[in-house]
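These are my notebook entries on a structure that I am reading for the first time. I set out to look up its nonpolar core and two individual residues.

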Amino acid sequence: MIELLKILFLSKFVLLTPEPITINGQHKFNLTESIDALNYNARLNIDVTAMVGEFLGTGVVEELDILSERFPKGSVVVHLIESSAGDKITLRSVGYSTSKNSMDLSFKYPKNAELGKSYDTIIIESNVPLKEVVIGWANSK
């Protein structure tokens, strides 16, 4: 019951990049307001539509194939850091999603990580140049 109340009242989506950005190699975000995971559905989303948008409308299977070809597993890694304690969680497992208007990479909070921790720094490392992407943190589904 408490978990449900947390999700209802505390869940949110935080846009980390108000404007699209390009990441070549590594990008560090020092957050003015920390993020946390209320449950294991928390995730970092990277909207890559600007890079692969020409494939929108080709069908879900083809769109997901394009995402997995352009952004293979392991090519993008996300680190969440709690600076005060020096704790770091790495999000390696990428999921792909597509909708009528967007194509996204999604990095879920790992099931072996502690819930309720606050993170004030995010580092994204990418072997693939990420051009004109929009990045956000979603706290629950």
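The entries below begin with the model itself, then turn to the core, and end with the two residues.

Entry 1, the model. I note that this is a predicted model, in which local features need pLDDT of at least 70, side-chain atom pairs count only at pLDDT 80 or more, and totals for chains, interfaces and linings use all residues. Residues are numbered from 1 along each chain as its sequence is written, and side-chain values use heavy atoms, with hydrogens and water left out.

Entry 2, the core. I looked up the largest nonpolar core (buried Ala, Val, Leu, Ile, Met, Phe, Trp, Tyr and Cys residues joined through side-chain atoms within 4.5 Å) and found 36 residues in it. Those with the most contacts inside this core include Leu 44, Leu 80 and Ile 122. Among the elements that each supply at least two residues are α3 (60-70), β4 (76-82) and β8 (118-138); helices (H or I, at least four residues) and strands (E, at least two) are DSSP runs, numbered from the N terminus. Strand β8 gives the most, with 8 residues.

Entry 3, Phe 71. I found Phe 71 in the loop between α3 and β4. Is Phe 71 buried or exposed? Phe 71 is buried, because its relative accessible area is 2%, and buried means under 20% (1.4 Å probe, protein chains only). Leaving out residues up to four places away in sequence, Phe 71 touches Leu 105 and Val 128, among others; contact means heavy atoms within 4.5 Å.

Entry 4, Ser 126. Ser 126 lies in strand β8 and is buried, with a relative accessible area of 6%. I noted that its side chain reaches the backbone oxygen of Val 128 at 2.4 Å.

Definitions and conventions: Buried means under 20% relative accessible area, exposed over 50%, partly exposed in between (1.4 Å probe, protein chains only). A polar contact is a pair of N or O atoms within 3.5 Å; within protein, one must be able to donate a hydrogen and the other to accept it, and residues adjacent in sequence count only if both atoms are side-chain atoms.
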